[in-house]
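User: Got a chain here that I'd like to walk through with you. Can you take my questions one at a time?

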Amino acid sequence: MKKGVFITIEGPEGAGKTTIMEMLMEKLKLEGYPAISTREPGGIEIAEKIRHVILDKENKAMDARTEALLYAAARRQHLVEKVLPAIESGYIVICDRFIDSSLAYQGYARGLGIDEIFAINQFAIEEMMPDATLYFDIDPAIGLDRINRDNGREVNRLDLEGIDFHHKVREGYHLLCKRFPNRIVKIDASQSVEAVFESAVDELFRVIQ
């Protein structure tokens with residue numbers, strides 16, 4: 001029986017997910033909650049190696065289905081090696097991206113089909129879905145502008161996609177918000193960092209308390 005809580009954070013490029021996740025972790029630790037943060041693709045050695053292949057700017061020839069399968073493979077290893085053991089030990093796990101990223105990016109924006117990508121990922125994750133998902137919504141132009149102004153941020157292959165692709169990603173996320181209204185909470189990420197954090201804290205503590 002699951003003991004901990006699994007929270008995922010989603011959003012288009014430049015939505016500020018990583019910044020808010022770090023702030024949430026600090027809040028949880030100050031409140032005395034056992035919590036860990038992680039990311040996808042990555043989080044453990046094998047998945048980080050897959051991450052490098054997926055996001056390498058030189059891999060322009062990567063087929064969309066190959067991309068989807070690599071994400072699912074990284075997700076499986078990360079889940080069994082890090083996420084599930086932590087949850088079984090009673091931790092709150094906050095993960096930067098999970099299955100919804102594949103549904104929005106490969107399923108919708110790449111045109112492979114949300115249901116088709118969901119089926120691939122069901123094989124990878126079995127029945128393990130997040131207890132709650134915080135989706136940080138932002139206009140793609142604003143998000144990409146943030147990335148361009150942040151010299152310290154990793155620029156990956158997906159960041160280099162055209163603006164139309166990023167608009168499709170956002171449309172995909174909006175469809176997922178309608179499909180999973182009891183799990184996904186939409187937060188306006190165009191607000192100040194403080195306002196976004198406050199909204200995220202409210203939703204997080206609603207789930208864990």
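Analyst: Sure. Keep in mind that this is a predicted model. A good starting point is L24, which is found in helix 1 (residues 17-30).

User: Is L24 buried or exposed?

Analyst: The cut-off for buried is under 20% relative accessible area. L24 has a relative accessible area of 1%, so the call is buried.

User: Which residues is L24 in contact with, leaving aside its neighbours within four places in sequence?

Analyst: One partner comes from far along the chain: V201 is 177 residues apart from L24 in sequence, yet 6.8 Å apart in space, C-alpha to C-alpha. With sequence neighbours within four places left aside, the contacts of L24 are I9, I94, L134, F197, A200, V201 and L204.

User: How many residues of helix 4 are buried?

Analyst: Helix 4 spans residues 99-109 and is mostly covered. Its buried residues pack against several elements, including strand 1 (5-10), helix 3 (64-88) and helix 7 (163-179). The buried count is 10 of its 11 residues.

User: Which residue just after helix 4 takes a positive phi?

Analyst: The phi there is about 80 degrees. The residue is G111.

User: What does the side chain of E13 join in a polar contact?

Analyst: E13 is found in the loop between strand 1 and helix 1, and the unreviewed UniProt entry includes E13 in a "binding site" annotation. E13 is buried, with a relative accessible area of 6%. At 3.4 Å, its side-chain partner is R97.

User: And T18, what is its relative accessible area?

Analyst: T18 is also covered by that UniProt annotation, and its place is in helix 1. T18 is partly exposed, at 38%.

How values were computed:
Residues are numbered from 1 along each chain as its sequence is written. This is a predicted model: local features need pLDDT of at least 70, side-chain atom pairs count only at pLDDT 80 or more; totals for chains, interfaces and linings use all residues. Side-chain values use heavy atoms; hydrogens and water are left out. Helices (H or I, at least four residues) and strands (E, at least two) are DSSP runs, numbered from the N terminus. Buried means under 20% relative accessible area, exposed over 50%, partly exposed in between (1.4 Å probe, protein chains only). Contact means heavy atoms within 4.5 Å. UniProt positions are given in the numbering used here, feature names are shortened, and annotations may be inferred rather than shown by experiment. A polar contact is a pair of N or O atoms within 3.5 Å; within protein, one must be able to donate a hydrogen and the other to accept it, and residues adjacent in sequence count only if both atoms are side-chain atoms.
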